[in-house]
Amino acid sequence: MKLTPCLRKIIGGLLATLLVAITGRVQAENATNSAAMDFGGLDLAQLASVKIDIASIKSRPVREQPGIVSVIQAQEIRDLGARDLADILQQVPGFGMGSDVNGVIGPSFRGLWAYEGKLQLIVDGVEFNETLYGTTQLGHHIPADAIAEVEIIRGPGSAKYGGTAELAVVRVTTKGAAQNGGYGVVTPSFADGKLGMDYNGGFGYTKGDWRMSANAFVGENFRSNKRYTAQDGSSFDMTHDSDIASRMVNVGLGWKDFDARVIYDKYELTDRVNFGMPLPVQEEIQFETLAVMAKYDWRVKDWLTLTPSFTYQRQTPWHGGVAGSTFEDQTTRYIAELSAVVNLSENAALLAGFRYHRDEAVAKDTSFYGVAPTAFYNNGTSDHVCYDTVSPYAQLDWDLKWVNVTLGGRYEYHSEVGGQFVPRIGLTKAWDRFHVKALFDQAYRTPNINIINSPLNVFSSALAKAAPSSEVKSEKTTSYQIEAGYLFDHGFSLVGNLYYMEIEDPIVYMVDAGTSNEGYANGGKISTYGTELELRYTCEKFSGSLGYSFYALGQNTVPVWQSGVSRLALGIPAHKVSASGTWHITDHLNWNLNGTLTAEELAYTDTSGQSKELDPTFLLNTFVEYRWKHASIGLGVANLFDDDNQVAQPYDGGAAPMLLKGREIFFKLGFEF
């Protein structure tokens, strides 16, 4: 079923209206039933009391966090029928998806391409960004069935988390020892007659002072059952040419205040997308990570806790992807960190820390670039490179009578690109039902290994103005945000924010058309401003959410990011509506209906050099699950209307928009013990 743009908008509006109407009806029914009113009040209290520490020193409620924060917990993830982290992020205001090279997709955020080094993904305390370019791969990656909670800072996080947390932080916590049992989920899926299979399982136990958990995921799926049409008009059917193979093992072990974790992750794409022009045959590109982390919370005094930690991470990212290429870089990262939390009083706490990390890379083969491995690094003189980074940081949380104050900052010195300091200031206050926040943050993105070693050092006059230096330095973001929220009676909550974000000297991938030289450089400035709204409702038989986000460009002087429309970024729609409703039909049967509507976006679709307007996208998904004793069975349909789900490049990189899957039917067969 294909929908016209007008009809898509109408259906999207009807979906949003329907959810609000249904919740209003349930509210009216509850008003005549005191027991239901009490239940709604309990849910409201539970929502208000959820405590996390993603932006604060100690755990505190979401509405008191010194940041714009979202939390998605396991029950909501399960009700959605979500299959991976990308499904979850689609329901969060501000987030979108864009495409990069080799069929890879990643996140955009608030009108900015966040995939390359601007969003930090953390899984169980382990930083998941690859270290060559800082990217985060999404789409059939990070299985939803293993996730206990996702916490998100929708805004800068560098002052607390460092140089890949420039625009946002996504922290994933998987099911751990506290479950004292285990689970297994098999998810077959069908689209155009092709079968995908996911297997996910794990367990966790505590015994005395000991605790242990393990999760494992094996996925065999594919990106799309649509055609990819390149800018020159050539095309191919992606159904049998966009395979995704995922492998992930996550093991945690703890004793008293000591915790250790080992994560192995392998994400492999086999497709023909390449850099825009289809390859004649499929080529593999792989991302492989092995990480080992250990930390100890040493409670020296009642008022002092010291936490030393160490992380070892070995990666082989971006391996292959081009015909005849065996390009391989192996990277190693060592992180040693010591943090201290000092309870100054009942109302004040201080966090102070020092982090050292070393990044190493060895070029095993660089046939894709046509240079010998021995000439890949250090200005063509070496096959390896090493950088050291030191970062002292501090944060003070002080709860005063009329306002809670957060003051923080981080200084980072990188052995190649030098140092920078970023501060943060947060003013928050929550009363009985109302809360407000005013936030100022600066953040940065440190150039990663291959960005430092791929400077665009010869450029045409058109690029010379945008890239005035051949040395790549850190980019810097300044952000202003305000938020207000209210918890209504009977289970309603409404939260809204306004923001302004500006990136100075953004790190940009460029190609000099005159010389065909390519590489990275700092150039120009880009800023966005906008708003995000979230309405939530929960009662005994229904829970729902409605989200809206909007951005506009303030300025954009980066040529390869320009769309031809002054207020719209390339490849990122300005408006997004997301909605989800779950009906608890019986104690054993749930039905969820969720969808997203995104406005028109601009993308390069042909060789004319002019961007074209893509139709709005309306994705409607549904999931029904029946649970009994320790077993469950679920049936879902993703993209119910078989709409064209296009993901475009948010930069002028020579690739046309890629169509993701159309209508897809999937089952979830689960067992808990």
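In the predicted model, the charged end of Lys175 sits over the ring of Tyr183, at 4.4 Å from the ring centre. A comparable arrangement of charge and ring involves Arg272, which lies over the face of Phe236 at 4.5 Å from the centre of that ring.

Aromatic rings also pair with one another, and the count comes to 25 aromatic pairs. One of these joins Tyr486 and Phe488 in an edge-to-face geometry, with 4.8 Å from centre to centre and 70° between the planes. Tyr486 has a relative accessibility of 34% and therefore counts as partly exposed, and Phe488, with a relative accessible area of 35%, is likewise partly exposed. The pair formed by Phe623 and Phe666 is instead stacked, its ring centres lying 5.9 Å apart and its planes meeting at 10°. Because Phe623 belongs to strand β37 (residues 617-628) and Phe666 to strand β41 (residues 664-672), this pair ties together parts of the protein that are 43 residues apart in sequence. Both Phe623 and Phe666 are buried. Ring pairs further link Tyr133, Tyr267, Phe287, Trp318, Tyr509 and Tyr520 into a cluster.

The largest nonpolar core comprises 90 residues, and those with the most contacts inside it are Leu85, Val150, Val170, Val172 and Tyr228. The surroundings of Val170 illustrate how this core is assembled from separate parts of the sequence: when neighbours within four places are set aside, Val170 is in contact with Leu85, Leu89 and Phe95, with the run Leu119, Gln120, Leu121 and Ile122, and with Val150, Glu151 and Ile152. Leu85 and Val150 thus appear both among the core residues with the most contacts and among the contacts of Val170.

A charged residue, Glu601, is found in strand β35 (residues 601-603). Since the cut-off for burial is 20% relative accessible area, Glu601, at 5% relative accessibility, counts as buried. Beyond its neighbours within four places in sequence, Glu601 is in contact with Gly571, Ile572 and Pro573, with Lys612, Glu613 and Leu614, and with Gln646 and Ala648.

Among the strand arrangements, an open sheet is formed by 3 strands in the order β4-β5-β6, with antiparallel pairing. Its edge strands are β4 (95-99) and β6 (112-113), each of which pairs on one side only. Strand β4 pairs with β5 (residues 105-109) in the antiparallel sense over 5 bridges, and within this pairing Ser108 of β5 is the bridge partner of Gly96. Further along the chain, strands β22 (residues 348-365) and β23 (residues 384-399) run antiparallel and are joined by 15 bridges, with Ala394 in β23 serving as the bridge partner of Ala352. Strand β23 also pairs in the antiparallel sense with β24 (residues 404-414), over 9 bridges, and here Gln395 has Gly408 of β24 as its bridge partner. The connection from β23 to β24 is a hairpin that passes through 4 residues.

As regards confidence, the mean pLDDT of the protein is 89, and 90% of its residues reach 70 or more. Over residues 458-468, however, the pLDDT is below 50, and this stretch has 20 contacts in the model beyond near neighbours in sequence. The pLDDT also stays under 50 over residues 1-42, for which the model has 61 contacts beyond four places in sequence.

Definitions and conventions:
Residues numbered from 1 in each chain as written. Predicted model: local features only at pLDDT ≥ 70, side-chain atom pairs only at ≥ 80, totals over all residues. Heavy atoms only, no water. Core = buried A, V, L, I, M, F, W, Y, C linked by side-chain atoms within 4.5 Å. Buried < 20%, exposed > 50% of the residue type's maximum accessible area, 1.4 Å probe, protein only. Contact = heavy atoms within 4.5 Å. Helix = DSSP H or I, 4+ residues; strand = E, 2+ residues; numbered from the N terminus. Pairing = 2+ DSSP bridges. pLDDT = per-residue confidence, 0-100. Phe/Tyr/Trp six-rings, centres within 6.5 Å; stacked < 30°, edge-to-face > 60°. Lys NZ or Arg CZ within 6 Å of the ring centre and 35° of its normal.
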